[in-house]
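User: I am new to this structure. Please take a close look at one part, the surroundings of the ligand. Then carry on to other places along the chain.

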Amino acid sequence: MLDPLSTPAAELPVRRLGPEDLDRCLALSQDRSWAREERKWLFLLENTEVHAIDAPSGELAATVTLTRYGTAAAGVGMMLVATRYGGRGLGRRLMTHVLGTAGDATVFLWATELGRPLYEKLGFETLGVTEARVGRLRPGDAPVLSRPADLDADLGALLALDRQAFGADRAALLGRLFAMAEEVRVTEDETGPTGYAVSWLSGSTLFIGPVVADDEAGARALVTDLTRHASGLVRIEMDRSRPGLLAWLGERGAAQAFSTSFMVHGGRPLPGDRTRVFAPMMLAMG
Ligand SMILES: CC(C)(COP(=O)(O)OP(=O)(O)OC[C@H]1O[C@@H](n2cnc3c(N)ncnc32)[C@H](O)[C@@H]1OP(=O)(O)O)[C@@H](O)C(=O)NCCC(=O)NCCS
């Protein structure tokens with residue numbers, strides 16, 4: 001096996017990982033002091049392309065995930081280079097590799113401050129800042145304005161709604177997410193579903209996302225109803241272009257844990273009507 005310490009990064013082979021690599025991915029996250037998110041990693045390993053560079057020790061030197069949404073869009077995430085291999089071009093090598101793999105798709109990601117300089121060098125532009133909000137949400141006394149989804153009856157309508165808002169087909173991924181969700185809730189009017197949102201557990205934290213709604217009131221209703229009985233921490237990611245919702249989350253007890261820059265490659269337009277996407281499924285995926 002080639003040693004990243006003595007081999008030019010461009011010559012290092014890139015390998016596709018699978019669920020059997022879960023422990024290696026968790027070890028790499030830990031090396032960079034990222035939270036141990038077993039369920040999220042497993043979901044990514046089972047449902048997206050995880051590309052990696054091996055280290056001679058049998059551990060991973062670097063990872064990145066590519067989630068394709070048909071040919072229109074692709075999300076990049078989990079860009080991690082082990083500390084001992086940092087600054088040797090491995091990040092550039094993996095990102096160049098997935099950009100080549102993504103073809104004509106509009107490629108987007110959420111960047112940490114450590115990652116942003118590399119992505120800027122490779123042609124990504126920052127479009128906004130997204131806050132990760134975490135807290136023990138105080139249940140308000142707001143009335144219940146959504147209902148649990150009936151996935152037999154609602155699935156087609158929810159996927160159509162999602163496709164219009166997100167602008168690309170994520171039916172397969174949403175099917176997998178719905179299967180592991182704590183709850184999927186729907187808002188509706190006389191014409192049918194107008195929005196939906198999902199809650200799912202990673203460790204003891206209840207993640208909320210995606211949230212797709214007609215307007216802020218719809219998004220608030222979905223988040224309120226999904227978190228009404230949450231006993232532990234809740235996490236949701238929200239763009240700073242939504243100050244009203246961020247203030248509302250703050251009042252309910254969700255404080256900013258960290259923030260990321262939302263970046264798109266090459267000034268390409270994002271498909272869909274993103275004004276209706278209030279929270280992503282996962283920062284790693286979109
Ligand atoms: C961000 C990260 C992936 C970069 O990986 P890396 O292998 O060290 O980066 P590279 O050596 O490939 O750097 C590529 C280029 O970006 C530049 N670069 C990388 N990180 C930089 C930084 N923090 N500040 C300024 N420039 C930086 C390098 O100078 C290099 O420029 P060059 O190719 O023109 O010489 C790595 O630091 C890491 O894993 N950080 C912790 C996890 C994290 O935050 N990941 C990003 C998630 S969005």
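Analyst: Start with the naming of elements: helices (H or I, at least four residues) and strands (E, at least two) are DSSP runs, numbered from the N terminus. This is a predicted model, so local features need pLDDT of at least 70 and side-chain atom pairs pLDDT 80 or more, while totals for chains, interfaces and linings use all residues. Numbering runs from 1 along each chain as its sequence is written, and side-chain values use heavy atoms, without hydrogens or water.

Now the ligand. How many residues surround the ligand? The shell holds 21 residues. A residue belongs to the surroundings if one of its heavy atoms lies within 4 Å of the molecule. The closest residues are Met79, Gly87, Gly89, Arg92 and Thr112.

Which elements supply the shell? Four of them give at least two residues each. They are the strands β4 (73-81) and β5 (106-111), and the helices α3 (90-101) and α4 (116-121). Which element gives the largest share? Helix α4 does, with four residues.

Sort the shell by class and it reads as follows: eleven nonpolar residues, six polar and four charged. Here Ala, Val, Leu, Ile, Met, Phe, Trp, Tyr, Cys and Pro count as nonpolar, Asp, Glu, Lys and Arg as charged, and the others, Gly among them, as polar.

Next come polar contacts, pairs of N or O atoms within 3.5 Å (within protein, one must be able to donate a hydrogen and the other to accept it, and residues adjacent in sequence count only if both atoms are side-chain atoms). Look at the oxygen atoms of the ligand. A polar backbone atom of glycine 87 is 2.8 Å from an oxygen atom of the ligand. Glycine 91 also offers a backbone N or O atom, at 2.8 Å from a ligand oxygen. Threonine 112 uses its side chain: a polar atom there lies 2.7 Å from an oxygen atom of the ligand. On its own, the ligand has 920 Å² of accessible area, and the protein covers 73% of that. Such areas come from the Shrake-Rupley method with a 1.4 Å probe; for residues, only the protein chains shown count as cover.

Strand β4, one of the suppliers of the shell, also contains methionine 78. Its backbone stands out for its sign: phi is positive, about 50 degrees, although methionine 78 is not a glycine. Is methionine 78 buried or exposed? It counts as buried because its relative accessibility is 8%. The cut-offs are these: buried means under 20% relative accessible area, exposed over 50%, and partly exposed in between (1.4 Å probe, protein chains only).

Serine 33 also has a positive phi, near 60 degrees, and is not a glycine either. It sits in the loop between α1 (22-31) and α2 (38-47). Serine 33 is exposed, since its relative accessible area is 67%.

Step into helix α2 and you meet glutamate 46. It is partly exposed, at 40%. Its C-alpha lies 6.6 Å from that of glycine 18, although 28 residues separate the two along the chain.

Other pairs bring together residues with wider spacing in sequence. Take glycine 135, in strand β6 (residues 124-135). It is buried, at 6% relative accessibility. Valine 234 is 99 residues away in sequence, yet the C-alpha atoms are 5.5 Å apart. Valine 134 has a partner too: leucine 249, 115 residues apart in sequence and 9.2 Å apart, C-alpha to C-alpha. Leucine 249 belongs to helix α8 (residues 243-252). It is buried, with a relative accessibility of 1%.

Valine 184 is placed in strand β8 (residues 183-189). It is buried, with a relative accessible area of 8%. Proline 210 lies 26 residues away in sequence, and 9.9 Å separates the two C-alpha atoms. Proline 210 is part of strand β10 (residues 205-212). What form does the peptide bond from glycine 209 to proline 210 take? It is cis, with omega near 0 degrees.

Last stop: helix α7 (residues 216-227), which holds threonine 224. Threonine 224 is buried, because its relative accessible area is 7%. A polar atom of its side chain lies 2.7 Å from the backbone oxygen of arginine 220.
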